[in-house]
Structure formats: structure tokens, C-alpha cells
Amino acid sequence: MQRKVKIPDYHQPQRIDTKNASKLTSVFRNSNSRFLVSVFTDSFMGFATIAIHAGQEPDSATGAVTVPIYQTSTYAQDGLGKNKGYEYARTSNPTRLALERNLAALEGAQFGYCFASGMSAIDATLRLVKGGEHVVVSDNTYGGTFRLFTRILANYGVEFDFVNTSEVSNVEAAIKDNTRMVFVETPTNPVMMVTDLKAVSEVAHAAGARVVCDNTFMSPYLQRPLDFGVDIVVHSTTKFLNGHSDGIGGAVVLNNEDDASWIQFVQNSAGAILSPFDSWLVLRGTKTLALRMEQHDRSGRAVAVFLEDHPKVRKIYYPGSPSHKQYELAKRQQKGFGSMVSFDVGSLEGARTVLESVRLCTLAESLGGVETLICHPATMTHASVALEARERLGITDGLVRVSVGIEDIDDIIADLDQALNTVTSDK
């Protein structure tokens, strides 16, 4: 019999203050620099309006309301030193620039840069740190971030300490004289620990360190870290920003002009740019971001309620659950709780049973698509993390992570219910 779950009351996010958001028309300082953004005329414009219009003026040549895919590698110049603002597509592309303006506006930032993947965006951001300098990192960070930091960047003299950033005192204790950056995920992947962005930013800034937040899980619709003092926000645009599981990309948004100039320099010099077509895909995705995130959030809450009461589930990890020890912080800092839910069924065999018994949910890595995705962090997203560290963080063999999609809620719950009911061990 299909289990029916009452959907929790949905608290719709408020209209956002866009005092730092980019204007629909950017102000260019010169043809070779990034844009300098100013405020919207209406300083209290709604998020959905910004998502649909920022950076996406009708095409001046044709009037097309959708930004064209400028699939070109170079641009004709009128003469030596005379161009229309574009010289070479690695340096700048109109489709990518439209997306960069759009994402900067959504996060309330002045500058935005798009990259070939979320990891290349993080890698570019870490180029702000030099060999011999120190970075404090959330210990329950994404496995790919952990791998980049410990197996690549550490080889070039950058020091990393991984701590539980949900306790501000841990961050304060980890800071050294050479600390130049605090890198946090909130909520963390996959056990959904929440970091107090305002408190951590105050501690880091007092020590002269930048704060970087990976905001992939929440998207700017549900959380805007810059509003809490964070210096730089990174995203895997592959996830909720794109929303359709059909493109890979990353983004960096920030307000500090010097840091922005360096990120732009790295983007152009290293060349890990987002393609015109992938930029167009994310632009298409952000137009519906507000609608999708409302449904993701609503469905995530309902799935969490269902899992918390299921006899085969030993524990759930969801910041929107009153049982989560940082529930009150999540309510203050986020405009919703999102659709990422993890739960533990007690054993690898139990997890395998669930993962191989689902019919609607898709067993796959990644998250944030319109379809519900389910995975096993210990052997998939966090396989690069040592066993001892995984167990300490709660990434057990019995842990399952769900990215709740926007299908009918009753169908998602029914599928999870029938899969869980095949697990033989009881709670």
C-alpha cells in the first residue's frame, strides 16, 4: 500500500534585497575588462525576475529574447586595437558573459566567472592561495574537493586542515599565522552539517583570511552567502543552476575587485572555460530556478518526514528536520531546506538493496536535476576519502543520499517505500 505523507507547511522565501545585484545592462569600463555592476533601479526586485532578465537583454541584432549561442572561436576586428569588446573566445564570449552577469546578480555579487566544471571553478579560486599558505576546510567536504586539495594542491606547498566548521570554535582553533582562506560547504555533502556563515566570516576576517562557500546544495534561491559576510561563492552549475542533468560547469562569484581580476586572469590563462552551448543551457536553467527550487524544497521536506518515520531507516540527515541539531541555524540562514536528504539503513547490504530496488529513482552520481537521483556516497561521491575519515564523518556503508527531484511527491515516496521494505534488517 502506498504510504501517504502530509507535506510540511512551505515557507516561501521572501523577495530579496538586490542592492548589490547587477543591473540588467552592465557598465563596461573598457573593452578588455570585466563588467562593473551597479544596482537595479528597483532595489527590491523579486528573485524570479532577476533570474529571468539579468544579463539577458533581447539580442541587439535580431531582437531574439533568448541569448544566442555564439559558437565562435574568434571575432573580426575593425582595425588594430579596434574591436567590439571581444577578441578571442577563451577570453570572452557573449553567451558566457550573459551567464556570468546572470549568476552574479542572483548571488548579489559584482563579478561572476564561469568554468568548465565545478572543480575547475574551485581550482581557480584556490589560486588566490600561494605555496606556504594555509587553508581551513570543512571536513565533510565533497570528495572531489578533498581529492583536489590533498592530492594535487598540497603537492605545491598549500597547507590544508580539515575541521568540523559547524562548530565555530573549531575554525578559530585551526587558524594559523599563515591562514589565508577558510573554505566551507553548508550544508555539507552528504551528512548535511550546517556552518554559521556570519560567525565563521567574522573569525576568518579577524585573522585576515578570505571565506569561500560552496553553495551548490542550496543555490542562490535558498541561500546567499555573500549576505552573511562570505567573500567568494562557488557553484557546480551542473547541479541546481542547470537543473536538467545535461551540462557540466562551474562558477565563481565575488565582490572584491582585486580578487575578481585574478580569477579572470586565471580563467583566461588556464582556459578551463564554460562552452557557449553549456552557458546557454545554464541560462535556460536559471530562468526556472525559482519554480524548481520551490518544488525541490517542498518535496525534500516531505521525503524527510517520510524517512524519519520509516522502520527501516536508522537515521536521517536533513537540516529541515526538527531533529537536526542545527535546525534553528538553518532556518535563520537559509530561505528553505532544499532537496538533499541522506539516510542510513545500517549496512552496506541494506544500502545495496535499496539502491538496486528503486524503480523511479535513478542510481547515479550528481544531484540537482529535475529527476530524483540516489547514490551511495561511500563508494561513489566520497570513494576518494579514506575509510577511517568516512566513518568519523558518518559516511557509513549504510548511508544513502537522495537528490529529490520534482516528480509527483507521492510517486517518489512510494518508490522509496517499496525499496526500503525489501531491506531485511529492522530499525
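Me: Is the crossing of helix 3 and helix 4 left-handed or right-handed?

Reply: Happy to look at that with you, keeping in mind that this is a predicted model. The axes of helix 3 (residues 118-126) and helix 4 (residues 143-151) come within 10 Å and cross at roughly 40°. That angle makes helix 3 oblique to helix 4. As for the hand, the crossing of these two helices is right-handed.

Me: Thanks! Which residues of helix 4 make the contact with helix 3?

Reply: Helix 3 brings Met 119, Ile 122, Asp 123 and Leu 126 to the contact. Across both helices, the contact residues divide into five nonpolar, two polar and one charged. On the side of helix 4, the residues are Gly 144, Thr 145, Leu 148 and Phe 149.

Me: Phe 149 caught my eye. Is its ring pair with Phe 183 stacked or edge-to-face?

Reply: The pair links distant parts of the chain, with Phe 149 in helix 4 and Phe 183 in strand 6 (residues 179-185), 34 residues apart. Phe 149 is buried, with a relative accessible area of 0%, and Phe 183 is buried with a value of 0% too. The ring centres are 5.4 Å apart and the planes stand at 85°; since planes over 60 degrees apart fall in that class, the pair is edge-to-face.

Me: Which residues do ring pairs link into a cluster?

Reply: The count for the model comes to 10 aromatic pairs. Phe 149 and Phe 183, the edge-to-face pair, both belong to the cluster. Its members are Phe 146, Phe 149, Phe 160, Phe 162 and Phe 183.

Me: Now for Tyr 327 and Phe 337: what kind of ring pair are they?

Reply: Tyr 327 lies in helix 11 (residues 327-333) and Phe 337 in the loop between helix 11 and strand 11 (340-344), 10 residues apart. Both are buried. Their ring centres are 5.8 Å apart and their planes are at 25°, and because planes under 30 degrees apart count that way, the pair is stacked.

Me: One last helix pair: are helix 10 and helix 14 roughly parallel or oblique?

Reply: Helix 10 (residues 289-308) and helix 14 (residues 409-420) have axes 10 Å apart and pack at an angle of about 30°. Their crossing is right-handed. Angles under 35 degrees set the class here, so these two helices are roughly parallel.

Me: And how many residues of that contact between helix 10 and helix 14 are nonpolar?

Reply: Among the residues that meet are Ala 302, Val 303 and Phe 306 in helix 10 and Ile 412, Ile 413 and Leu 416 in helix 14. Two residues of the contact are polar and two are charged, while the nonpolar ones number nine.

Conventions: Residues numbered from 1 in each chain as written. Predicted model: local features only at pLDDT ≥ 70, side-chain atom pairs only at ≥ 80, totals over all residues. Heavy atoms only, no water. Axes fitted to C-alpha atoms, helices over the stretch in contact; angles between N-to-C directions. Helix = DSSP H or I, 4+ residues; strand = E, 2+ residues; numbered from the N terminus. Parallel < 35°, antiparallel > 145°, perpendicular 65-115°, else oblique. Left-handed = near helix turned anticlockwise from the far one by under 90°. Contact = heavy atoms within 4.5 Å. Nonpolar A, V, L, I, M, F, W, Y, C, P; charged D, E, K, R; others polar. Phe/Tyr/Trp six-rings, centres within 6.5 Å; stacked < 30°, edge-to-face > 60°. Buried < 20%, exposed > 50% of the residue type's maximum accessible area, 1.4 Å probe, protein only.
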